Amino acid sequence: MELITEWLGAINGVVLGVPMLVGLLGVGIFMQIRLSFLPIRKLGTGFKLLFERNHQRGEGQISPFNALMTALSATIGTGNIAGVATAVVLGGPGALFWMWITALVGMATKYSEAVLAVRFREVDKNGHYVGGPMYYIKNGLGEKWIWLGTLFAIFYLVALLASVLVIPYKQILLLMYCKAVSVFQLW
């Protein structure tokens, strides 16, 4: 058991440590420069289009606002909310500043990811579009990289199951425990 704990500690040091932070910020800064700061320059246009009325939508199309809300609901979860609260408590106001800076840099990464997902998506046998990192790895890099797309899909599934099943239930159980303790303290 100590060996597993030691391995997980070493992995955690890389995944949640300075190398990952430098990698994420480095890629984000590179993408911002490579895109000539497009996500920041077009931020005002994005907000304008977000609230613009479009009466020419066809069957099955949604408004830009509904698309944004759908994307945010798929992106922001319990871990993000708890993570921000923890960062502010532990890091103070400086943590909020660095979250904003990281968000500005991360816009280029998210933009690039969305463009690749649309560019390399496929149509399935039912006529629906399917896409995402697994598809743009396979279709963008070529057939010899299918193993990487498959590996990404497996890791994504494991992370999704862990985050969807574990984090909300842990928060609920912790809340129930705190309420139970406070009720017993009243007696």
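Here is a short tour of a predicted model, one selection at a time.

**Stop 1: a surface patch**

Start by selecting M1, I4, L8, I11, V14, V15, L16, M20 and L24. Together they make a nonpolar patch on the surface, with about 950 Å² of accessible area. Now colour helix 1 (2–15) and helix 2 (18–34): each of these helices supplies at least two residues of the patch. Which helix gives the most to it? That's helix 1, with five residues.

**Stop 2: L16**

Stay with the patch and click on L16. You'll find L16 in the loop between helix 1 and helix 2. Is L16 buried or exposed? Its relative accessibility is 68%, so L16 counts as exposed, since the cut-off for that word is over 50%.

**Stop 3: two helices packing**

Keep helix 2 on screen and add helix 7, residues 93–119. When two helices pack, people describe them by the angle between their axes and the distance between the axes. Here the angle is about 70 degrees and the axes are 8 Å apart. Helix 2 and helix 7 are therefore roughly perpendicular to each other, because angles of 65 to 115 degrees get that label.

Want to see where they touch? Show side chains for L25, V27, G28, I29, M31 and Q32 in helix 2; they meet T102, L104, V105, M107, A108, T109 and S112 in helix 7.

**Stop 4: W145**

Finally, jump to W145, in the loop between helix 8 (133–141) and helix 9 (146–165). W145 is partly exposed, at 30% relative accessible area. Then pick M134 as well: 11 residues separate the two along the chain, and their C-alpha atoms are 9.9 Å apart.

Definitions and conventions: Residues numbered from 1 in each chain as written. Predicted model: local features only at pLDDT ≥ 70, side-chain atom pairs only at ≥ 80, totals over all residues. Heavy atoms only, no water. Patch = residues over 30% accessible without salt bridge, like charges linked within 9 Å, V, L, I, M, F, W, Y side chains within 5 Å. Areas by Shrake-Rupley, 256 points an atom, 1.4 Å probe, with all protein chains shown as cover. Salt bridge = Lys/Arg side-chain N within 4 Å of Asp/Glu carboxyl O. Helix = DSSP H or I, 4+ residues; strand = E, 2+ residues; numbered from the N terminus. Buried < 20%, exposed > 50% of the residue type's maximum accessible area, 1.4 Å probe, protein only. Axes fitted to C-alpha atoms, helices over the stretch in contact; angles between N-to-C directions. Parallel < 35°, antiparallel > 145°, perpendicular 65-115°, else oblique. Contact = heavy atoms within 4.5 Å.
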